[in-house]
Amino acid sequence: LDHRQGLEARCARTSTSGGHLDRRGTWTTAGLAHRGGMGRWAAMSSDPVVRAEIVVDLAAVRANVRALAAHTGTPLMVVVKADAYGHGLLPVARAAREAGAQWLGAAALEEALALREAGDTGRILTWLFVPGEERLTDAVAAGIDVTAHSIEHLDAVAEAVRRSGTPARLQLKIDTGLSRNGCPPDDWAGLVERARAGEQAGTWRVTGVWSHFACSDEPDHPANAAQLQAFEDALTVAAEHGLEPEVRHLANSAAAILSPASRFDLVRVGLAAYGLDPAPGHTPDLGLRPAMTARAALALVKQVPTGAGVSYGHTWVADRPTTLGLVPVGYGDGVPRHAGNRAVLDVGGKHCPLRGRVCMDQVVVELPDGQGAVGDQVVLFGAAPHPTAQDWAEACGTISYEIVTRIGGRFGRRWVGQEDQ
C-alpha cells in the first residue's frame, strides 16, 4: 500500500509550479496574491519582492530521512508534531513517506487526524490526549495508534472503541525517568495487566511499548543508562503478562544517532529529520541539511549619527556614524524578543548584528558602511554559511527546536524540492 497516494491530491497545491499556500491560507500564484487577512488581491511583478517568507526544502527532508535510516539501520518514525516543527505538516509528511518513513508521529489527536483526512494510510502514532476528548473516537476509528499512560487513558480508549465499533491500536508508554507523561514504574504492572485483559477481550491490540529519553543530547549523562535499563525492565514485565508488541521504541533523534543500544524496533526522529543537530558537539557529520530558511527583505536603509539610540529603551547606542537596515519582522512573527543585541542576520552575504530590541513587527540590523539597499535579501537563519537556527538558539539561550517551531506569524511559507518538480 502506498501511503503517499492520499497525500498527493491534498499536497498538490504546494507542488504547483504556479504558486504556493502559506500557513495562513494565502494562495499565491505567479501573477496574483490573495491576502486573506487583507481581503484583496494584489498584482505582482514577474519577480516580486517578498516582505518575509519561510522557504522549506522538501528535498532536504527526504535526504535527511534517508541518511538517518542508513545510519541507524532501523525503521523510522518521522515526528511531525507542531506543524512539523514549523515546516508544514502535510508537505513534510508526504516527503517523509517518499523517503521511506514507515511511521509518522503526532502529539495531538487533531494532528494525527489531519494526516488521515489528507489521505495518509500508513502507520501514525499519537500520544497526547486528555481522557474525554471527543476526537479520540475518531482516531480509533481511523486506525491511528493511540497511547495510554494510565488506567484512565485505557478507560477512555475503551469508551472510544465502544462508540466507534472499531478495536483500537494501542501503545503503552512507561516513564523511565523523564517524569513527564508515561506510566510511573510503580503502576506499570497494573497498566500492563489491564491492557492485556483488554487485548484478550478484543477491545484493542497492543501494538507498541515505548518511552522517551531526558538527556540523550548528553551522551555521557548517567540518566541515559538508567533509562535504558528501566525500559528493558518494563519490557520484561510486559512480556511476563503476555504482551507481544509490534514495536518497542525509546530513541529520539539524538539517541537514534548516538546510542545503538536504544534503537530496538523503531527510532523516532524529529529535529534531525529537519536537518538540525539534536546533540550539538556530539553528532557525527551525517550530511544533514537544514530544511528551513527564514528570510525577508530590507524595508528601509538609513544613516544615524554617533550617539543615536536604536529601538525601544535605547539598549544599543551608535558609537560612530552607522548604517542601519530595517527588517520587517518581529516577535509578532515568532522572532524571539530576547534576540535583541545578540543575534546575527545575513544581509547580502554579510553577517550583520541585530541592534536594539526586537519589536512586534520589525528589527534593526547594523549594515557595513555604505552597503545595503531597500529590497536586499535578509536571511535570518538557514543553512551555513548563513546564520543557522542553532546560532539563533545559542544567541537566545534556547534550543533550535524552539527557533524553528515558533517562527511564523505573518511570514509567508513556500515549499520547494517536491519530487514532481
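Two residues are in contact here when heavy atoms of theirs lie within 4.5 Å. The model described below is predicted, and that meaning of contact is used throughout the account of it.

The chain contains 12 helices and 23 strands. Of its 421 residues, 50% are buried. Contacts between residues at least 6 apart in sequence show how the chain is arranged: 66% of them join residues at least 24 apart.

A place to start is Glu53, which lies in strand S5, residues 52-57. Because a residue is called buried when its relative accessible area is under 20%, Glu53 falls in that class, at 6% relative accessibility. Which residues does Glu53 contact, leaving aside its neighbours within four places in sequence? They are Thr293, Ala294, Arg295, Phe411, Gly412 and Arg414. Two of these partners also meet the side chain of Glu53 through polar contacts. With the side chain of Arg295 the distance is 2.6 Å, and with the side chain of Arg414 it is 3.0 Å.

Helix H2 covers residues 58-72 and includes Ala69. Ala69 has a relative accessible area of 29%, so it is classed as partly exposed. Not counting residues up to four places away in sequence, Ala69 touches Thr74 and Leu76. The C-alpha atom of Ala69 is 9.8 Å from that of Ile257, although the two residues are 188 apart along the chain.

Helices H4 and H5 can be read together. H4 spans residues 89-98, and 10 of its 10 residues are buried, so the helix is largely enclosed by the rest of the structure. Among these buried residues are the charged side chains of Arg94, Arg97 and Glu98, along with Leu89, Leu90 and Pro91. After H4 comes Gly100, with a positive phi near 105°. In H5, residues 109-117, the buried residues are Leu109, Glu111, Ala112, Leu113, Leu115 and Arg116. Gly119, just after H5, also has a positive phi, of about 110°. A general point helps in viewing any such element: an α-helix has 3.6 residues a turn, so residues three or four places apart point the same way.

Aromatic rings give another view of the chain. The model has 5 aromatic pairs. One of the pairs is formed by Trp127 and Trp210, whose ring centres are 5.6 Å apart and whose planes meet at 70°, an edge-to-face arrangement. Trp127 belongs to strand S8 and Trp210 to strand S11, residues 204-210, so the pair links distant parts of the chain, 83 residues apart. Both Trp127 and Trp210 are buried. Elsewhere, ring pairs join Tyr85, Tyr274 and Tyr401 into a cluster.

Two members of that cluster, Tyr85 and Tyr401, return in the description of a pocket. Rolling a probe the size of a water molecule over the atoms shows where empty space is left. The second largest pocket has a volume of about 760 Å³. Its lining comprises 35 residues, and those closest to its centre are Lys81, Tyr85, His212, Asn252 and Tyr401. What is the make-up of this lining by class? There are 18 nonpolar, 10 polar and 7 charged residues. Several elements each supply at least two residues of the lining: helix H3 (81-85), strand S8 (123-128), helix H10 (253-258), strand S13 (267-269) and helix H12 (400-406). Strand S8 thus appears both in this lining and as the strand that holds Trp127.

Two loop residues complete the tour. Arg342 sits in the loop between strand S18 (322-327) and strand S19 (344-347). Its side chain reaches the backbone oxygen of His338 at 3.4 Å. Leaving aside neighbours within four places in sequence, Arg342 is in contact with Leu354, Ala395 and Cys396. The C-alpha atoms of Arg342 and Arg355 are separated by 7.9 Å, and these residues are 13 apart along the chain.

Thr388 is in the loop between strand S22 (377-381) and helix H11 (389-396). Is Thr388 buried or exposed? At 16% relative accessibility, Thr388 counts as buried. Its contacts, leaving aside neighbours within four places in sequence, are with Phe381, Gly382 and Ala383.

Key: Residues are numbered from 1 along each chain as its sequence is written. This is a predicted model: local features need pLDDT of at least 70, side-chain atom pairs count only at pLDDT 80 or more; totals for chains, interfaces and linings use all residues. Side-chain values use heavy atoms; hydrogens and water are left out. Helices (H or I, at least four residues) and strands (E, at least two) are DSSP runs, numbered from the N terminus. A polar contact is a pair of N or O atoms within 3.5 Å; within protein, one must be able to donate a hydrogen and the other to accept it, and residues adjacent in sequence count only if both atoms are side-chain atoms. On a 1 Å grid over the protein atoms alone, a cavity is a set of points where a 1.4 Å probe fits but cannot get out, and a pocket is an open set with protein on both sides within 12 Å along at least five of seven lines; lining residues have an atom within 4 Å of a point. Grid points are joined across faces, edges and corners, and a volume is the space filled by probe spheres set on the points. Rings of Phe, Tyr and Trp (its six-membered ring) pair if their centres lie within 6.5 Å; planes under 30 degrees apart count as stacked, over 60 as edge-to-face and the rest as tilted. Buried means under 20% relative accessible area, exposed over 50%, partly exposed in between (1.4 Å probe, protein chains only).
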